[in-house]
Amino acid sequence: MAAPELHLPPVAWPAPAGAAATDDARAQGLRLLRGWMAPLLRGQAWRFIAVLLLSIAAVAAGLAQPLLTKALIDDGVLARDPGAIARAGAAMAALALGALLVGVLCRRLYAQASLRVLHGLKEALFAHLLTLSPAFHARVRQGDLLARLEGDLGEVQRFAVDSVLSALNAVLMLAGTLLLLGLWSPPLVAVLALLVGAHALASGLMRPRLEALTRRARQAGVEVSAFLVEKLAAVRCIQTHGAEGREAARLAGLHAALRRESIALQLLGQLANGLPNLLLSLGVVAIFVFGSLAMLKGEALTLGMLVAFATCVQRASAPVQSLMGLWLSWQRAKVALERVTDLTACRPAVAPGEAGSPAVAPRGEVEFQNLSFTYPGAARPALVAFSARIPAGTAVLLRGASGCGKSTLVDLLHRHFEPAAGRILLDGQDVRRLDRAALRRRVAVVSQEAVLFAGTLGENIRYGRPQASDEEVHRAAEAAGVAEFLPQLDQGWQTVVGPRGATLSGGQRQRVALARALLMAPAVLVVDEGTSALDEALERRTLRRIAELLPGCTRVVVSHRSALEGEFDQVVELGAGAPA
Ligand SMILES: Nc1ncnc2c1ncn2[C@@H]1O[C@H](COP(=O)(O)OP(=O)(O)OP(=O)(O)O)[C@@H](O)[C@H]1O
């Protein structure tokens with residue numbers, strides 16, 4: 001049985017407050033995410049191992065610096081040996097240069113591996129989003145999806161890859177430093193451990209506030225991107241209604257909320273970040289004060305050792321800070337992970353279908369048997385016990401009052417949803433038993449809103465069948481009426497139609513979308529008000545040309561125009577039983 005698309009109650013997500021998915025759904029979503037990440041990480045394993053080995057080399061070079069400092073002071077300066085000073089200086093310079101080269105190589109390998117993992121994750125999430133039904137996409141704001149794809153997924157990847165690697169590096173550095181310090185002075189190690197413990201305590205106290213602030217700041221950012229995506233796609237409507245000023249003011253309001261949350265988050269983050277710095281600076285002061293006092297008392301401590309101690313503690317500060325930073329990134333990543341699993345927890349409304357394909361030479365007979373359907377979360381059914389039979393190769397006009405369920409019927413035929421009751425047969429086979437992709441190749445749908453992509457006219461017509469020959473494209477374009485406006489386009493087939501086909505008229509866009517469907521040579525062609533922007537004479541001509549191009553094709557046309565009735569073999573009325 002198909003899994004429900006949303007395991008969440010329909011109102012729980014997407015909601016303005018970004019409410020959570022159920023635990024069960026989230027666990028499933030997490031499993032899916034881990035399933036994507038594991039092979040990506042395995043594929044980059046050699047790069048990560050190389051980065052680790054290079055990091056160990058860099059740590060060793062870093063640890064040699066305090067030893068050289070000690071040698072320079074004690075064996076060189078205090079022993080008044082210029083040769084020892086020169087040797088220690090040259091070794092320090094060589095190590096610094098080596099560290100730079102290793103750092104560059106490390107960064108290169110690391111960026112390659114890390115970006116591949118991020119892009120792989122994004123591609124998997126994008127592919128997942130493409131499996132979700134139009135009803136899901138109708139409910140989710142595009143800006144919200146973008147924020148989750150771009151920001152949240154990046155945060156998860158940064159934690160899973162960047163933070164883990166830098167933490168590993170930090171642990172190595174810290175372990176080496178502690179070893180050195182332990183050899184010289186065990187009490188100093190105890191001081192460091194005390195500092196780390198104090199920081200952990202302070203961090204624990206700040207955690208709940210930091211997590212809540214992170215979530216709120218993220219949501220405020222999503223509100224801004226969702227606003228921009230929606231409004232920039234509707235500039236003409238805003239201009240028509242003279243709403244430019246109001247929209248600008250709304251953006252300012254959203255920005256004010258975002259600023260409030262971001263500044264609070266940054267202040268708390270700064271405090272959390274600055275704490276280890278403060279503690280370590282106090283540690284260095286303590287070493288100099290107590291070390292100097294010990295030297296004055298004549299204890300066995302050289303100036304070189306004191307400087308080397310301080311250098312060690314300062315060297316330990318970077319890894320300690322990076323480990324503390326790890327905690328901060330985990331707070332951010334946890335919130336981001338929840339937001340990404342909100343998406344991975346969503347399942348396609350319908351299963352891809354069984355292995356069966358529609359007949360090799362489909363006839364195109366469609367039968368709706370007692371179909372009922374209610375949208376998730378809707379109070380009233382969109383379709384109630386609808387039945388009709390459309391013989392193969394016939395032309396049918398499907399009509400009914402606005403909102404009576406005509407488009408829903410088309411979506412059920414295309415298996416964007418499963419009916420609550422009843423079934424649809426294609427050539428006698430239940431469409432649920434058919435492979436969904438194969439079904440969609442046999443049944444082409446042209447909707448009222450023609451969706452074109454930025455690209456040439458030819459590319460848009462070929463979208464469903466990129467390998468079609470020029471001649472096939474021309475025939476489909478001729479039947480759809482594209483040929484009638486082609487001479488008006490400067491570049492002919494090569495004309496770039498702009499984002500969403502914006503440089504064409506509504507009727508021209510519909511004709512391009514129709515040509516695209518005809519090129520697929522479907523067994524069943526459904527035109528869901530897909531020629532509504534054409535004048536009546538052109539619509540009539542187009543319907544006749546389609547019949548000539550695809551004589552055996554079953555044609556179902558959803559239209560409110562009664563004058564076209566004569567063009568059809570049958571008129572099917574939808575409405576009885578369905579809500580008005
Ligand atoms: N995604 C959705 N979620 C909830 N309800 C929906 C959704 N899409 C459509 N509906 C509802 O289902 C009913 C049928 O809608 P449908 O789009 O199928 O009607 P239609 O007959 O094609 O209308 P029109 O002729 O105006 O295009 C309507 O009451 C509509 O409000």
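## A look around the predicted model

Phe136 is buried, with 20 other C-beta atoms within 10 Å; a residue counts as buried if 20 or more other C-beta atoms lie within 10 Å of its own, as exposed if 12 or fewer do, and as partly exposed in between, with C-beta atoms placed from the backbone. This is a predicted model, in which local features need pLDDT of at least 70 and side-chain atom pairs count only at pLDDT 80 or more, while totals for chains, interfaces and linings use all residues. Residues are numbered from 1 along each chain as its sequence is written.

Phe136 lies in helix α4; helices (H or I, at least four residues) and strands (E, at least two) are DSSP runs, numbered from the N terminus. Although Phe136 and Pro348 are 212 residues apart in sequence, their C-alpha atoms are 9.0 Å apart in space.

**Overall layout**

The protein chain is divided into domain 1 (23-344) and domain 2 (366-573), with bounds that come from an automatic or database domain assignment. Between the C-alpha centres of domain 1 and domain 2 there are 52 Å.

In the unreviewed UniProt entry, the annotation "transmembrane region" covers residues 45-64, 84-106, 159-181, 187-206 and 278-296. UniProt positions are given here in the numbering of this model, feature names are shortened, and annotations may be inferred rather than shown by experiment. Among these spans, residues 84-106 are 100% helix and 0% strand, with end C-alpha atoms 32 Å apart. Residues 278-296 are likewise 100% helix and 0% strand, and their end C-alpha atoms lie 27 Å apart.

**Helix α1**

How far apart should the ends of α1 be? At 1.5 Å a residue, the 21 residues of α1 (residues 23-43) should span 30 Å, and the end C-alpha atoms are indeed 30 Å apart; the expected span is 1.5 Å times one less than the number of residues. Ala25, Gly29, Leu33 and Leu40 of α1 are buried. Seen down the axis of α1, the buried residues fall within an arc of 60°, so they line one face of the helix; the arc is that of the directions from the helix axis to the C-beta atoms. The face turned away from this buried side carries exposed residues, including Asp23, Asp24, Arg31, Arg34 and Arg42.

**Around the ligand**

Of the 13 residues around the ligand, Tyr375, Ala382, Ser402, Ser407 and Thr408 come nearest; a residue is near a molecule if its C-beta atom, placed from the backbone, lies within 6 Å of it. Both α4 (134-139) and α10 (406-413) supply at least two residues of this shell, and α10 gives the largest share, three residues. By class, the shell has six nonpolar, six polar and one charged residues; Ala, Val, Leu, Ile, Met, Phe, Trp, Tyr, Cys and Pro count as nonpolar, Asp, Glu, Lys and Arg as charged, and the others, Gly among them, as polar.

**Backbone angles and strand β2**

Most residues other than glycine have a negative phi. Here are two residues with a positive value.

| Residue | Phi | Place |
|---|---|---|
| Arg80 | about 55° | loop between α2 (45-77) and α3 (82-131) |
| Ala385 | near 45° | strand β2 |

Arg80 counts as exposed, because it has 8 C-beta neighbours inside 10 Å. With 15 such neighbours inside 10 Å, Ala385 counts as partly exposed. Val384 also lies in β2 (residues 383-390), and is partly exposed with 19 C-beta neighbours inside 10 Å. The C-alpha atoms of Val384 and Phe373, eleven residues apart along the chain, are separated by 6.7 Å.
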